[in-house]
Amino acid sequence: MSATTIVSLPDQATARLPKTNYLNNKHGLLSWLLTADHKRIGILYLLSITFFFFIGGAFAGLIRLELLTPQPDLVASDTYNKFFTMHGIVMIFLFLVPSVPAALGNFLVPIMIGAKDLAFPKINLLSWYLYMTAGLFTLATLVLGGVDTGWTFTTPLSTHYLNTHVMTTAIGIFIAGFSSIFTGLNFIVTIHRMRAPGMTWFRMPLFIWSNYAASLLMVLGTPVLAIAIVLVALERTLNIGVFDPAKGGDPLLFQHLFWFYSHPAVYIMILPGMGVISEVMSTFSRKRVFGYTAVAFSSVAIALFGFFVWAHHMFIMGVSNYSALVFSLLTMLVAVPSAIKIFNWAFTMQKGSITFETPMLYAFGFIGLFTIGGLTGVFLGSLGMDVHLTETYFVVAHFHFVMVGGMLMAFLAGVHFWWPKITGRMYPESLSKLAAVVTFVGFNLTFLPQFVLGYLGMPRRYAAYPAEFQVLNVMSTAGATVLGVGYMLPLIYLGWSLKYGAIAGNNPWQATGLEWQIQSPPLTENFLETPIVTQEAYDYEWLEEKMKHEVTHVG
Amino acid sequence: MANANPTATHETLVHDAHDVHEHHDLPQLRHHFETEEQQREAGSFGMWLFLLTEIMFFGGLFMAYLLYRNWYYPAFATASNQLNVPLGTINTAILISSGFFMALGVWAAEVRKKNVLVLMLVLTTVFGYAFLNVKYFEYKEKWEKHHIPGATFDISEFVNPPIDAKTGKPTEEPLAPDMAQKTQLFFFLYFAMTGMHALHMIIGLVLLLWLIYRANRGEFTEGYVAPIENFGLYWHFVDIVWLFLFPLLYLINRHPLK
Ligand code: HEM
Ligand SMILES: [Cu+2]
C-alpha cells in the first residue's frame with residue numbers, strides 16, 4: 001500500500017454521485033443567497049475569496065510589471081502607490097484572513113467534530129454578507145480612484161495628508177473585521193458546545209485546534225483594529241488630532257493599536273493553514289501526527305504569545321530601547337511553538353509511509369517555504385538586523401515567504417485535499433501535480449531575488465530604483481509570471497473536474513476523519529445520526545487493520 | 001468514527017434522510033442542536049464572547065484616554081470641569097434603574113409571568129430612552145459652548161477663564177494656548193466614548209421594541225427565555241461601560257489646582 005498511490009476510486013462504470021446532497025437538494029440562486037447551511041456558505045466564501053485573490057493578483061502583476069525597469073515608466077509613482085496599497089489590502093483583508101477559516105473551516109469544522117451545523121447559522125450567513133459588503137467597498141475605492149496609504153494606514157499620513165479614498169477603504173475594513181469576529185465567535189462556540197459524544201478535546205483533529213486558536217485571535221484582536229480604524233475615520237472627517245502630532249496627538253498610539261491587531265493577524269492568517277498541513281501530513285504518512293498534544297498546544301501558545309510582540313513592527317518608530325529589547329526577545333519566543341510544529345511534522349513523515357499526492361506536494365511546499373520565511377523572521381526580530389533591513393525588499397520577501405509560501409500553499413493543499421469531499425469528484429492527477437511544482441518554482445524565482453535586493457538595500461514601496469538592481473528585478477518579474485501560471489492552472493482543471501472529474505467516493509484518501517465517513521458531497525444535515533466517537537484522531541493503525549480484515553472477509 | 005458507518009451505501013444514507021427532522025419537542029429548538037439545553041448554553045456562551053469583543057473594542061478607547069490624560073493632565077482636568085456633573089449623575093441613576101428593570105424582566109420570563117415581563121421591558125425602554133434624551137441636552141450644551149472638536153472649537157475660555165464675581169479671581173487656572181489646544185483631545189475622546197456608548201444604547205432600544213412585540217405574544221414565558229437572558233447580558237454590559245465612563249470622564253480630579 002505504501003509505495004503506490006492510495007486513491008481508490010469507485011468503479012467508473014457504476015459510480016454515481018449520491019442522489020441527494022447539500023448541492024442539489026435545493027435549487028435556484030435564492031436557495032444559495034439565503035442558505036444557512038455551513039457547507040453552502042463555505043462554497044460562497046470559496047468563490048468570493050478566489051475572485052478577490054485574482055483581483056489582488058492582478059495588482060501584483062501590475063506592480064511587478066512596473067518594476068521591470070528602474071524608471072517609473074509604466075505608471076507614475078502615485079499610481080504605483082495605489083497599486084501596492086490595493087494589492088496589500090485585498091490580499092490581507094479579503095484573501096488571507098478569511099481564506100482557510102471562512103471557506104474550508106466553514107465547510108469542515110462542524111463535520112469534523114460531528115455536528116450538524118455551526119452554532120449560529122444565520123450569523124454565519126450574515127458574516128458572508130459583511131465580507132461581501134467589505135469587498136464592494138474595496139472595489140468602490142478602486143473605481144473612485146484608489147487609495148495610497150499602504151495597507152498599514154500609517155497616521156498622520158492617512159488622516160491628514162492624503163486626499164484619496166481612505167474613508168471608503170476604512171469602512172470596508174471595519175466591516176470585514178466584523179465578518180471575521182463573527183466567524184471566530186461561531187467557531188469557538190461550536191467547538192466548545194457542539195462536539196459529538198466522545199469527541200473529547202484531545203480527540204479533535206488538529207485542523208480544529210488551529211482554527212480554534214485563530215478564532216481566539218479574531219475575537220480578541222479584531223475589535224482593536226476596528227476602533228483604530230474608527231479613530232482614523234473620525235480624525236479625518238472632523239479634523240482632530242488624536243494621531244496627528246501637529247495637533248498634540250500621537251502617531252505611536254495608532255501604531256500600537258494597529259499592530260496589536262495586525263501582528264496577531266499574521267497568526268490568524270497562518271494558524272488555520274498549519275491545521276491543514278497537519279491533516280494532510282498525517283493522511284499521506286498514514287500516521288497520527290507525531291506529538292499530537294504538543295502540536296495542539298503550540299497553536300494556542302502561538303495565539304497567546306502573538307499578543308505580546310506587536311512592537312517589533314515599531315523598532316524604528318521611537319519606542320524606547322528598553323521596550324524594543326523586550327519585544328525583540330518575546331518575538332524570538334514565538335518562534336518556538338512554530339518550530340515545534342515543523343519538527344513534529346518532520347517526525348510524522350519520518351516514521352510514516354509517505355505517498356506524494358497533490359495535497360502532499362503543496363504541504364511539502366508549505367514546510368520548505370514557511371521555514372525560510374520563519375527563519376528570516378528571526379533575523380528581522382533581532383533588533384540590530386531589523387534596523388538595517390526594515391522597509392527594504394528583505395521584509396517583502398520575508399512576509400511573502402510566510403504568507404504566500406506558507407498560507408497560500410496550505411490553502412491550495414486544503415482545497416485539493418477536500419475537493420473530492422466538497423464536490424464528490426476528483427481532479428486530473430498529473431495536471432494538479434504539475435501545478436504544484438510550477439507554483440513552487442515560480443514562487444522561489446519571484447521571491448528569492450527579493451531577499452538579495454533587500455540585503456543590498458533596495459527600499460520597498462518605490463516605483464523607481466537604482467539601475468544596478470535591474471537584473472534581480474527582472475528575475476523576480478519573470479518568476480511572478482510563472483507563479484501566475486501556477487495559480488491559473490487549478491482554476492482551470494478544478495473547474496473542469498466539476499463536470500468531468502472521476503467520482504471520488506466517500507473516502508478516496510482512506511483517511512480517518514469524520515468528514516470521510518459520510519457521503520461526498522455530504523447531506524445537508526451532514527450525519528444521519530449523531531456519530532459517537534470512540535477513537536483518537538488519525539488512528540491509521542486501526543484503519544489498516546480494519547481494511548485487511550475486510551479484504552480477507554471478501555476473499 | 002464508530003457510528004458513522006463507513007460502509008453504508010449512498011442508497012441507505014439517502015433513504016434515511018427523511019427521518020432526520022423528527023425528535024423536535026419545542027418549536028424553538030433549531031434543527032442543528034441536540035437538546036434545548038445545548039442551544040441555551042451555546043447562545044449564552046456566544047453572548048459572553050461577543051461581550052468580550054466589546055470589551056476589547058472599548059479597551060482601545062480607554063487606553064487612548066488614559067494615555068492622553070497622563071500626558072496633558074492640566075488640559076484634561078480643566079476640560080473635564082466643563083462636563084455637566086448633575087446631568088451625568090441623573091443619567092447614571094436613570095441607567096441603573098433601567099438595568100434594574102431589565103433584571104426584573106429576566107426574572108419575570110423565568111417564572112413565566114407574561115404581563116410582568118412586558119411591563120419590565122417597557123420600563124427598561126422608557127428609562128433607556130430617557131438616558132439618551134438627557135445625553136442630547138448635554139451634547140447640545142457642548143455645541144452651544146463651542147466644545148465640539150473640529151472646525152469651530154473654541155479654546156479662549158481655557159486661556160482666559162471667566163472671572164468669579166465674588167472673589168474677583170479666575171474660576172479656573174488659565175492654560176497656556178498650546179496646552180489649551182489639548183482640551184480638544186479631551187472633548188474628542190468624550191464624544192467618541194459616550195457616542196459609542198450611546199450607539200450601543202440605540203441598538204439596544206431597537207432590539208427592546210422587537211422583544212416587547214414578541215414577549216407580548218407570549219414567546220418567552222413558556223420556558224424559552226434565552227433571548228431575554230442574552231439581551232439582559234447585553235444591557236448590563238452597556239450599564240457597566242457607563243459605570244466606567246462616568247467617573248473617568250466626569251468625576252476624577254475635578255479641581256486639582258485649588
Ligand atoms: C503573484 C505573486 C505576488 C507578487 C509578484 C507580489 C509582489 C508584491 C510586491 C512587489 C509588493 C510591493 C512591495 C512594496 O513595494 O512594498 C507586494 C506587497 C504586498 N504583497 Fe504581494 N505579491 C504577490 C502575491 C501576494 C499574495 C498572494 C499576498 C497575500 C496573500 C500578498 C501580500 C502582500 C502584501 C500584504 C503586501 C504589502 C503591501 C503594502 O506594502 O501595503 N502578495 N507584493
Ligand atoms: Cu509582527
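## Surroundings of A:Met86

In this predicted model, A:Met86 touches five residues beyond its neighbours within four places in sequence: A:Phe59, A:Thr138, A:Thr141, A:Leu142 and A:Val147. A:Met86 belongs to helix α3 of chain A, which covers residues 77–96. Its relative accessible area is 2%, and because the limit for a buried residue is under 20%, A:Met86 counts as buried.

A:Asp148 stands 62 residues from A:Met86 along the chain, yet the C-alpha atoms of A:Met86 and A:Asp148 are 7.9 Å apart.

## Iron site of ligand 1

Two histidines of chain A coordinate the iron atom of ligand 1. A:His87 and A:His400 each do this through NE2, at 2.0 to 2.1 Å. The two residues come from distant parts of the chain, 313 residues apart: A:His87 is in helix α3, and A:His400 is in helix α14, residues 393–423.

Six donor atoms surround this iron atom, and the angles they subtend run from 86 to 180°, so the arrangement is octahedral. A:His87 is buried at 16% relative accessibility, and A:His400 is buried as well, with a relative accessible area of 12%.

## Aromatic pairs

Over all chains, the whole structure contains 70 aromatic pairs. One of them joins B:Tyr68 and B:Tyr72, whose ring centres are 6.1 Å apart. The planes of these rings meet at 10°, so the pair is stacked. B:Tyr68 is buried, with a relative accessible area of 0%, and B:Tyr72 is buried at 14%.

B:Tyr139 and B:Phe191 form a tilted pair, because their planes are at 55°; their ring centres are 5.0 Å apart. This pair links distant parts of the chain, 52 residues apart: B:Tyr139 lies in helix α5 (residues 114–144) and B:Phe191 in helix α8 (residues 183–216), both of chain B. B:Tyr139 is partly exposed, with a relative accessible area of 22%, whereas B:Phe191 is buried at 18%.

B:Tyr139 and B:Phe191 also belong to a cluster linked by ring pairs. The other members of this cluster are B:Phe131, B:Tyr190, B:Trp242, B:Phe246 and B:Tyr250.

## Arginines over rings

In chain A, A:Arg288 lies over the face of A:Tyr292, 4.1 Å from the ring centre. In chain B, the charged end of B:Arg214 is placed over the ring of B:Trp210, at 4.5 Å from its centre.

Key. Residues are numbered from 1 along each chain as its sequence is written. Chains are lettered from A and ligands numbered from 1 in the order in which they are written. This is a predicted model: local features need pLDDT of at least 70, side-chain atom pairs count only at pLDDT 80 or more; totals for chains, interfaces and linings use all residues. Side-chain values use heavy atoms; hydrogens and water are left out. Helices (H or I, at least four residues) and strands (E, at least two) are DSSP runs, numbered from the N terminus. Buried means under 20% relative accessible area, exposed over 50%, partly exposed in between (1.4 Å probe, protein chains only). Contact means heavy atoms within 4.5 Å. Rings of Phe, Tyr and Trp (its six-membered ring) pair if their centres lie within 6.5 Å; planes under 30 degrees apart count as stacked, over 60 as edge-to-face and the rest as tilted. A charge sits over a ring if NZ of Lys or CZ of Arg is within 6 Å of the ring centre and within 35 degrees of the ring normal. Donors are N, O and S atoms within 2.8 Å of the metal (3.2 Å for Na, K and Ca); water is not among the atoms, so sites may look incomplete. Four donors count as tetrahedral if all angles lie between 85 and 135 degrees; four count as square planar and six as octahedral if opposite donors are over 155 degrees apart and all others between 65 and 115; anything else is irregular.
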